[in-house]
Amino acid sequence: MTENPAATPTPTPTARQRLGYVLGRTLPAEFHGWVVGDTTGPGATRRYATRCLIPLIPILVGLLLIPGPWIIRTGMVLLLFLPFVYFLLALKNIYLRHRLVSHGLDPRLLNATKQRRLDQEQASYESRYRSAP
């Protein structure tokens, strides 16, 4: 009997391995399916942004505790936070592609879902508007 690969669950890393992954370490080859799901699956952008913003929170809180007018403190926080978020989102694909390559995976997996959706839309369009004569 052949086993259905879709029926076997993808192993998930332990808490220690996951912490190492968040800090930039690579996981063993048995977790490649989990890494692909983490970087390309639903919620990948949210997870990426959360992992990058959590270390910034203590710095922002520290800036808010500096004595002075509230407008100056708020300005300091916004001058740090807004460019950080802008570059965070602008460099998302580069970082996620690096994450895939560092695990020895194909970086084109990052665009596989988007390409699949575009192919489905094209097939739908062609079946609707370009029927055979």
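# Exercises on a seven-helix chain

The chain has an accessible surface of about 10,000 Å² (Shrake-Rupley method, 1.4 Å probe; for residues, only the protein chains shown count as cover). Carbon and sulfur atoms hold 65% of that surface. This is a predicted model: local features need pLDDT of at least 70, side-chain atom pairs count only at pLDDT 80 or more, and totals for chains, interfaces and linings use all residues. Residues are numbered from 1 along each chain as its sequence is written, and side-chain values use heavy atoms, with hydrogens and water left out.

## Exercise 1: Overall form

Compare the radius of gyration of the chain with that of a compact globule of 133 residues.

**Solution.**
- Step 1. Take the globule rule: 2.2 Å times the number of residues to the power 0.38, with the radius taken over C-alpha atoms.
- Step 2. For 133 residues, a compact globule would come near 14 Å.
- Step 3. The chain has 21 Å.
- Step 4. Look at the spans too: the C-alpha trace covers about 75 × 45 × 20 Å along its principal axes.

## Exercise 2: One side of a helix

Find the buried residues of helix 2, and say where around the axis they sit.

**Solution.**
- Step 1. Fix the terms. Buried means under 20% relative accessible area, exposed over 50%, partly exposed in between (1.4 Å probe, protein chains only). Helices (H or I, at least four residues) and strands (E, at least two) are DSSP runs, numbered from the N terminus.
- Step 2. Helix 2 spans residues 32–40, and its buried residues are H32, W34, V35, D38 and T39.
- Step 3. These residues cover an arc of only 155 degrees around the axis (directions from the helix axis to the C-beta atoms), so they lie on the same side of helix 2.
- Step 4. The buried residues of helix 2 pack against helix 1 (15–22), helix 3 (44–53) and helix 6 (92–102), where contact means heavy atoms within 4.5 Å.

## Exercise 3: A charged pair

Which residue forms a salt bridge with R51, and which helices does the pair tie together?

**Solution.**
- Step 1. Apply the rule: a side-chain nitrogen of Lys or Arg within 4 Å of a carboxyl oxygen of Asp or Glu.
- Step 2. The partner of R51 is D38, with the closest N and O atoms 2.9 Å apart.
- Step 3. R51 lies in helix 3 and D38 in helix 2, so the salt bridge ties together parts 13 residues apart in sequence.
- Step 4. Check exposure. D38 is buried at 6% relative accessibility, whereas R51 is partly exposed at 26%.
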